[in-house]
Amino acid sequence: MREINLLAKLPKPKRNVQARGGAKSADVIEVSRQYGEMYFDGPREYGYGGYRYDGRWIPVAEDMVRHFGLKRGDRVLDVGCAKGFLVKDLMAVCPGLEAFGVDVSEYALMHCEPAVVGRLHLGNALHLPFPDGSFQAVISLNTVHNLEREECRRAVREIERLAPGRGFIQVDSYRTPEQREIFESWVLTAKFHDYPDGWRKLFQEAGYTGDYYWTIIE
Ligand SMILES: C[S@@+](CC[C@H](N)C(=O)[O-])C[C@H]1O[C@@H](n2cnc3c(N)ncnc32)[C@H](O)[C@@H]1O
């Protein structure tokens, strides 16, 4: 298990933490957690405020292909793939790679990139309907924390099951109480979050042997 920032080349999103904190309510959170149009393409207080393809995942995809040594014919799965931007870019940077995605959002899948039609499955990270060891890499970015702690453990176990030692999981975290405070005024969908040590403990409990990193709002 190794901490490594595979999203280092992704541009930092612009976040108005104060505006989000002010607009947040139980109703807004409930709508966001439906992962529908409001979450992806509605106003910013409900989620992304417009989730559109702009090629920003290409350098990340290159780093992932290099990190896992992926090549033509290998299979890679993105758990929480949304509209399939990373799936598309993984295939673009590694011709012949068989990239797939899973997501709970029917809205995201119905508005996916044309290049990935048929490669994205409607499903839950809790139960991935694929045989043991069937992927050369499984990636999950900013998705696992949307489950309760025990469910996070199950999802991590699923990732390990599909690609033992060849996972990459990025989740919400914070290194200081100040970062935690900022995170808590920003967060909408995450049901479990913790300091890196808390996450490492969870990964260990799940028998996870892949790599990981943190999304930290500063
Ligand atoms: C913050 S978005 C991340 C999307 C994409 N991975 C990225 O980094 O841009 C979280 C995604 O997780 C999906 N999601 C939430 N809970 C899930 C679950 N239990 N199983 C699979 N996907 C889930 C949402 O629909 C959404 O697409």
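Here is a short conversation about how some labels in this predicted model are earned.

User: Let's start with the loops. Why is glutamate 113 called buried?

Analyst: Glutamate 113 has 13% relative accessibility, and buried means under 20%, so the label applies. This residue sits in the loop between helix H6 (106–110) and strand S4 (120–122). Setting aside neighbours within four places in sequence, its contacts are Tyr53, Lys83, Phe85 and Lys88.

User: What makes threonine 189 buried?

Analyst: Its relative accessible area is 8%. The cut-off is under 20%, therefore threonine 189 counts as buried. You will find threonine 189 in the loop between helix H8 (177–186) and helix H9 (196–205). Not counting residues up to four places away in sequence, threonine 189 touches Ser32, Arg33, Tyr35, Tyr39 and Asn146.

User: Tyr35 is in that list. How do you know whether tyrosine 35 is buried or exposed?

Analyst: Tyrosine 35 has a relative accessible area of 15%; with buried set at under 20%, tyrosine 35 is buried. Its place is the loop between helix H2 (26–32) and helix H3 (37–41). The phi of tyrosine 35 is near 50°, a positive value in a residue other than glycine.

User: Why is asparagine 142 called partly exposed?

Analyst: Partly exposed lies between the two limits, under 20% for buried and over 50% for exposed. Asparagine 142 has a relative accessible area of 29%, so partly exposed is the right name. Asparagine 142 belongs to the loop between S5 and helix H7 (149–162), and has a positive phi of about 55° although it is not a glycine.

User: And what makes cysteine 81 buried?

Analyst: Its relative accessibility is 3%, and the limit is under 20%, so cysteine 81 is buried. Cysteine 81 is in the loop between S2 and H5. Beyond residues up to four places away in sequence, cysteine 81 touches Val87, Gly101, Val102, Asp103, Leu109 and Leu120. Cysteine 81 and isoleucine 139 are 58 residues apart in sequence, with their C-alpha atoms 9.0 Å apart in space.

User: Which residues of helix H5 are buried, and what do they pack against?

Analyst: In H5 (residues 85–93), the buried ones are Phe85, Leu86, Val87, Asp89, Leu90 and Met91. They pack against helix H4 (58–68), strand S2 (75–79), strand S3 (98–103), S4 and strand S5 (137–141). Leucine 90 itself touches Ala61, Met64, Val65, Val76, Leu97, Ala99 and Ile139, leaving out residues up to four places away in sequence.

User: Which members of the largest nonpolar core touch the most others?

Analyst: Met64, Leu90, Phe168 and Phe203 do, in a core of 66 residues. There is also a second, separate core of six residues, including Tyr174, Phe183, Trp186 and Ala190. As background, nonpolar side chains tend to be buried together in soluble globular proteins.

User: Now the ligand. What makes aspartate 103 a polar contact of the ligand?

Analyst: A polar contact needs a pair of N or O atoms within 3.5 Å. An N or O atom in the side chain of aspartate 103 is 2.6 Å from an oxygen atom of the ligand, so the pair qualifies. By the same cut-off, a polar side-chain atom of asparagine 124 qualifies at 2.9 Å from a ligand nitrogen, and a polar backbone atom of leucine 141 does so at 3.0 Å from a ligand nitrogen. Taken alone, the ligand exposes 600 Å², and the protein buries 94% of that.

User: Which residues come nearest to the ligand?

Analyst: Tyr51, Gly80, Asp103, Asn124 and Ala125, of the 19 around the ligand. By class, this shell has eleven nonpolar, seven polar and one charged residues.

Key: Residues are numbered from 1 along each chain as its sequence is written. This is a predicted model: local features need pLDDT of at least 70, side-chain atom pairs count only at pLDDT 80 or more; totals for chains, interfaces and linings use all residues. Side-chain values use heavy atoms; hydrogens and water are left out. A residue is near a molecule or strand if one of its heavy atoms lies within 4 Å of it. A polar contact is a pair of N or O atoms within 3.5 Å; within protein, one must be able to donate a hydrogen and the other to accept it, and residues adjacent in sequence count only if both atoms are side-chain atoms. Accessible areas come from the Shrake-Rupley method with a 1.4 Å probe; for residues, only the protein chains shown count as cover. Ala, Val, Leu, Ile, Met, Phe, Trp, Tyr, Cys and Pro count as nonpolar, Asp, Glu, Lys and Arg as charged, and the others, Gly among them, as polar. A nonpolar core is a set of buried Ala, Val, Leu, Ile, Met, Phe, Trp, Tyr and Cys residues joined through side-chain atoms within 4.5 Å. Buried means under 20% relative accessible area, exposed over 50%, partly exposed in between (1.4 Å probe, protein chains only). Contact means heavy atoms within 4.5 Å. Helices (H or I, at least four residues) and strands (E, at least two) are DSSP runs, numbered from the N terminus.
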